[in-house]
Amino acid sequence: MQCEVSYLTAFYIILAILLFGVLVLAHEFGHFITAKLSGVRVNEFSLFMGPAIFKKTKGETTYSLRCIPIGGYCAMEGEDDESDDPRAFGNAKLYKRLIILVAGSFMNFVAGFLITVLFVSLAFGYVPSTSLSGFAEGCPYEGADALQAGDRFYSIDGERVYINSDITLLLERSSTQVYDIVVVRDGKKVKLNDFELKRVDYDGEMKYGFLFPTGEKTVGNILSYSWQQCRDFARLVRLGLQDLITGRAGINDMSGPVGIVSVVTEAGKQSKSVAQGVLTVLYFFAFISVNLGVMNLLPIPALDGGRVVCLLLTALVEKIIRRKLNPKYEAYLHGAGMVLLLLFMAFVTFKDIFKLFRG
């Protein structure tokens, strides 16, 4: 039995690392393919960081696999310094540079969506709905001035309801039990302001008493639900950042690659079967992929979002002063940002390792 558990642990760790690699590959491929299509010279396309295990040069680009399974990069000519090459990144038109910079995050969104479609197709026997089909017996929230069968939850306290699980999530986030709820009823939005709602005891189980229909598992429903799930993933990133800023969550609630692999591995092992475990891992990585896409667009130096902001500001300043700025100053800014990000990453990683040994 112990041997079987060890094999499962190794299996899920390897699966998690491979999926991390796929997400990094998708992100860097977004930069790579748009750079190539835009006529920008790509010097190296690398999966992972550190010393190279494998290198092969084809045409003008070197393709490499490196030994530290974290990150990767698409090194373009003139990305961080001046270059006389007419095909350098800095010499490309502004709109082309913007497309190249956001393409990585776009590919993470695409990867997250495709993984979600795969997960929903394999894991669900039906597509969950946000519309009420009825109420449990004795539910106090049914009535002419309350909720009615057929109502579709639209928003709770200003937050959109994308998928069925959002209803519980948004209700549980509130510090009170009074909500501003908007439902769609007969095609029109109906507001239920200051609506008191709390869990009720149903046969020893605390529930809200809502019943939901099971949607047919068609291609259209799967695609629609997967899209809404990805929108929810993106919103969860924003809520997480919001909780960090407000102090609702702390640094101990954050995890790096080691912590994520540990959580994913444990979730996989707790599943009833290996097949269900793999589906659980896929769900985690769909969220992680969208998470990477959102986080990379934040206006932080060294991230794609920071580069986009610098690119737009630089273009504006150059238009005003009518001369080209030296790109080395922007490179210094992104270099400093990268150092800070790596230090923060190292801190979170050591924290995760400490948790593993302490646990």
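Here is a short walk through a predicted model, with stops at a surface patch, a pocket and two backbone angles.

Let us begin on the outside. Six residues, Met49, Ile68, Ile70, Met338, Leu342 and Met345, make up a nonpolar patch on the surface. Together they offer about 480 Å² of accessible area. Two elements, β2 (61-76) and α8 (328-358), each bring at least two residues to this patch. The biggest contribution comes from α8, which supplies three residues. To look at one member of the patch, find Met338, which sits in helix α8. Its relative accessible area is 39%. Met338 therefore counts as partly exposed, because that value lies between the 20% limit for buried and the 50% limit for exposed.

Helix α8 also takes us to our next stop, since it is among the elements that line the second largest pocket. This pocket holds about 450 Å³ of space. Its lining counts 24 residues, and those nearest the centre are Gly90, Arg97, Thr314, Pro327 and Glu330. If you would like to find the walls in the structure, look for α2 (94-123), α7 (304-321) and α8, each of which gives at least two residues to the lining. Here α7 gives the most, with five residues. What classes of residue make up the lining of this pocket? There are nine nonpolar, nine charged and six polar residues.

Now let us turn to the backbone. Most residues other than glycine have a negative phi. Two places in this model are worth a visit with that in mind. One is Asp194, whose phi is positive, at about 50°, although this residue is not a glycine. You will find Asp194 in strand β8, which covers residues 188-196. Is Asp194 buried or exposed? With a relative accessibility of 61%, Asp194 counts as exposed, because the value is over 50%.

The other place is Ala302, again a residue other than glycine with a positive phi, this time near 90°. Ala302 lies in the loop between α6 (274-295) and α7. We have met helix α7 already, as the element that gives the most to the lining of the second largest pocket. Ala302 has a relative accessible area of 13%. This residue is therefore buried, because its value is under 20%. So the two positive phi values belong to an exposed residue in a strand, Asp194, and to a buried residue in a loop, Ala302.

Key:
Residues are numbered from 1 along each chain as its sequence is written. This is a predicted model: local features need pLDDT of at least 70, side-chain atom pairs count only at pLDDT 80 or more; totals for chains, interfaces and linings use all residues. Side-chain values use heavy atoms; hydrogens and water are left out. Patches are made of residues with over 30% relative accessible area and no salt bridge: like charges are joined within 9 Å, nonpolar side chains (Val, Leu, Ile, Met, Phe, Trp, Tyr) within 5 Å. Accessible areas come from the Shrake-Rupley method with a 1.4 Å probe; for residues, only the protein chains shown count as cover. A salt bridge is a side-chain nitrogen of Lys or Arg within 4 Å of a carboxyl oxygen of Asp or Glu. Helices (H or I, at least four residues) and strands (E, at least two) are DSSP runs, numbered from the N terminus. Buried means under 20% relative accessible area, exposed over 50%, partly exposed in between (1.4 Å probe, protein chains only). On a 1 Å grid over the protein atoms alone, a cavity is a set of points where a 1.4 Å probe fits but cannot get out, and a pocket is an open set with protein on both sides within 12 Å along at least five of seven lines; lining residues have an atom within 4 Å of a point. Grid points are joined across faces, edges and corners, and a volume is the space filled by probe spheres set on the points. Ala, Val, Leu, Ile, Met, Phe, Trp, Tyr, Cys and Pro count as nonpolar, Asp, Glu, Lys and Arg as charged, and the others, Gly among them, as polar.
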